[in-house]
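Here is a short tour of a protein model, written for reading alongside the structure. Take a moment to bring it up on your screen, and we will start with one of its sheets.

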Amino acid sequence: MKQFSAKIYKTVLLALLLSIGINGCKDDYVSVVPSVYVNFTVNPTNIIELNIPGGSYYFGNEGYGGIIIVNNWGDSTVPFLAFDASCTHEVSSLVRVEVNENGSGIATCPECGSQFMIFGSNGSPIKGPAIEPLKQYHATVVGGRISVTN
Ligand code: FES
């Protein structure tokens, strides 16, 4: 029975990841995380973690559940990524994923253990129960500053 429900979960997750993978990168993808106005800039030279490939920094006063900016391993086209820390399983501004310290590029939810890939990805879940990706914001470098917007 346990094997059967695990199989169902994997099948549902795979089907959803495929649809999210196809739609998630479209600008019209609507996240389960409530929409809040986001528009701030950061000078990465002031935050050592953002100068380290794979490093990340959490901005608690931005976004719905705070925003995690990730150094995308120096990727020349997408040097930084920005995700709302609010877990997409609970969808609460108080339940926030935390970036694993081991440089794995995975963020884990302390509530029920869902894991999300945050390097080179759209924040897709890689371990449940969450099935929706983290809410992603636009992160661009303008004049040496990281600009994060909706
Ligand atoms: S609240 Fe995050 S995995 Fe359940």
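## An open sheet

This is a predicted model, and a good place to begin is the open sheet built from 4 strands in the order β5-β6-β7-β8, with antiparallel pairing. The edges of this sheet are β5 (98–99) and β8 (125–127); each has a single partner strand, so one side of each is left without a neighbour in the sheet.

Let us look at one of those edges. β5 runs antiparallel to β6 (residues 106–108), and 2 bridges join these strands. If you would like a pair to click on, glutamate 98 has threonine 108 in β6 as its bridge partner.

## The overall layout

Stepping back, the protein contains 1 helix and 10 strands. Reading from the N terminus, the order of elements is α-β-β-β-β-β-β-β-β-β-β.

Among contacts with a separation of 6 or more, 44% are between residues 24 or more positions apart.

## Inside the protein

Of the 150 residues in the protein, 39% are buried. The largest nonpolar core has 15 residues, and those with the most contacts inside it are Val70, Phe83, Cys87, Val97, Phe116, Ile118 and Leu134. Two or more residues of this core come from each of β3 (67–71) and β4 (80–84).

Another core, of 14 residues, lies apart from the largest one; Val42, Ile47, Ile69 and Ala139 are among its members.

## The outer surface

Finally, the protein exposes about 8,200 Å², and carbon and sulfur atoms supply 58% of that area.

Key:
Residues numbered from 1 in each chain as written. Predicted model: local features only at pLDDT ≥ 70, side-chain atom pairs only at ≥ 80, totals over all residues. Heavy atoms only, no water. Core = buried A, V, L, I, M, F, W, Y, C linked by side-chain atoms within 4.5 Å. Buried < 20%, exposed > 50% of the residue type's maximum accessible area, 1.4 Å probe, protein only. Pairing = 2+ DSSP bridges. Contact = heavy atoms within 4.5 Å. Areas by Shrake-Rupley, 256 points an atom, 1.4 Å probe, with all protein chains shown as cover.
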